[in-house]
Amino acid sequence: MTTATRDGFGLGYRIRWWIEYGLLHVLGPAQLDERRDPRARMRRDYARRKAEHERRQRNSTDRPNAE
């Protein structure tokens, strides 16, 4: 059972994301360019998922109910 927040991510996803991000910070590769950095990839994926969630929210509120 997860509790979603305003951006739509559940508690489990958030905990896993922060643990993985922290481990990459400590145990991950040294300096890489932005394109190959795994932490930058995680930030881009988070932003992509958040934008997708916001797009779905806008689309669902724009549609009239079928009642």
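## Surface and overall make-up

Accessible areas here come from the Shrake-Rupley method with a 1.4 Å probe. On that basis, the protein chain of this predicted model has an accessible surface of about 5900 Å², and 53% of that surface belongs to carbon and sulfur atoms.

The architecture is easy to describe: the protein chain has two helices and zero strands. Of its 67 residues, 15% count as buried. If you look at contacts between residues at least 6 apart in sequence, 38% of them join residues at least 24 apart.

## Helix α1 and its two faces

Let's start with helix α1, which covers residues 11–27. At 1.5 Å a residue, its 17 residues should span 24 Å, and the C-alpha atoms at its ends are indeed 24 Å apart, so expectation and model agree.

The buried residues of α1 are Tyr13, Trp17 and Tyr21. Viewed down the helix axis, the buried residues of α1 fall within an arc of 60°, so they line one face. The spacing has a simple background: an α-helix has 3.6 residues a turn, so residues three or four places apart point the same way. Turn to the face of α1 directed away from its buried side, and you will find the exposed residues Trp18, Ile19, Val26 and Leu27.

## The nonpolar core

Which residues make up the largest nonpolar core? There are five in all: Phe9, Tyr13, Trp17, Tyr21 and Met42. Helix α1 gives the most to this core, with three residues. As a general background, nonpolar side chains in soluble globular proteins tend to be buried together.

Met42 is found in helix α2. With a relative accessible area of 10%, Met42 falls under the 20% limit and therefore counts as buried. Leaving out residues up to four places away in sequence, Met42 touches Trp17, Glu20, Tyr21 and Leu24. Met42 and Tyr21 are 21 residues apart along the chain, yet their C-alpha atoms are separated by 7.6 Å.

## Aromatic pairs

How many aromatic pairs does a search of the whole structure find? The search finds six. In one of them, the ring centres of Phe9 and Tyr46 are 4.8 Å apart and the planes stand at 35°, so this pair is tilted. The pair links distant parts of the chain, since Phe9 sits in the segment before α1 and Tyr46 in helix α2 (residues 38–62), 37 residues away. Phe9 is buried, at 8% relative accessible area, whereas Tyr46, at 23% relative accessibility, counts as partly exposed.

Trp17 and Tyr21 form another aromatic pair, this one stacked, with 4.9 Å from centre to centre and 10° between the planes. Both residues lie in helix α1, four residues apart, which is about one turn of the helix. Are Trp17 and Tyr21 buried or exposed? Both of them are buried. Beyond the pairs, Phe9, Tyr13, Trp17, Trp18, Tyr21 and Tyr46 form one aromatic cluster.

## Where α2 meets the rest of the chain

Tyr46 is a good residue to click on in helix α2. Not counting neighbours within four places in sequence, Tyr46 is in contact with Asp7, Phe9, Tyr13, Arg14 and Trp17. The C-alpha atoms of Tyr46 and Phe9 are separated by 9.6 Å. Seen from α1, Tyr13 touches Asp45, Tyr46 and Arg49, again setting aside residues up to four places away in sequence.

Arg43 also lies in helix α2. Its relative accessible area is 36%, so Arg43 is partly exposed. What does Arg43 touch, not counting residues up to four places away in sequence? Its partners are Trp17, Tyr21, Glu34 and Asp37. Arg43 and Trp17 are 26 residues apart in sequence, and the distance between their C-alpha atoms is 9.7 Å.

Note on methods. Residues are numbered from 1 along each chain as its sequence is written. This is a predicted model: local features need pLDDT of at least 70, side-chain atom pairs count only at pLDDT 80 or more; totals for chains, interfaces and linings use all residues. Side-chain values use heavy atoms; hydrogens and water are left out. The expected span of a helix is 1.5 Å times one less than its number of residues. Buried means under 20% relative accessible area, exposed over 50%, partly exposed in between (1.4 Å probe, protein chains only). The arc is that of the directions from the helix axis to the C-beta atoms. Contact means heavy atoms within 4.5 Å. A nonpolar core is a set of buried Ala, Val, Leu, Ile, Met, Phe, Trp, Tyr and Cys residues joined through side-chain atoms within 4.5 Å. Rings of Phe, Tyr and Trp (its six-membered ring) pair if their centres lie within 6.5 Å; planes under 30 degrees apart count as stacked, over 60 as edge-to-face and the rest as tilted.
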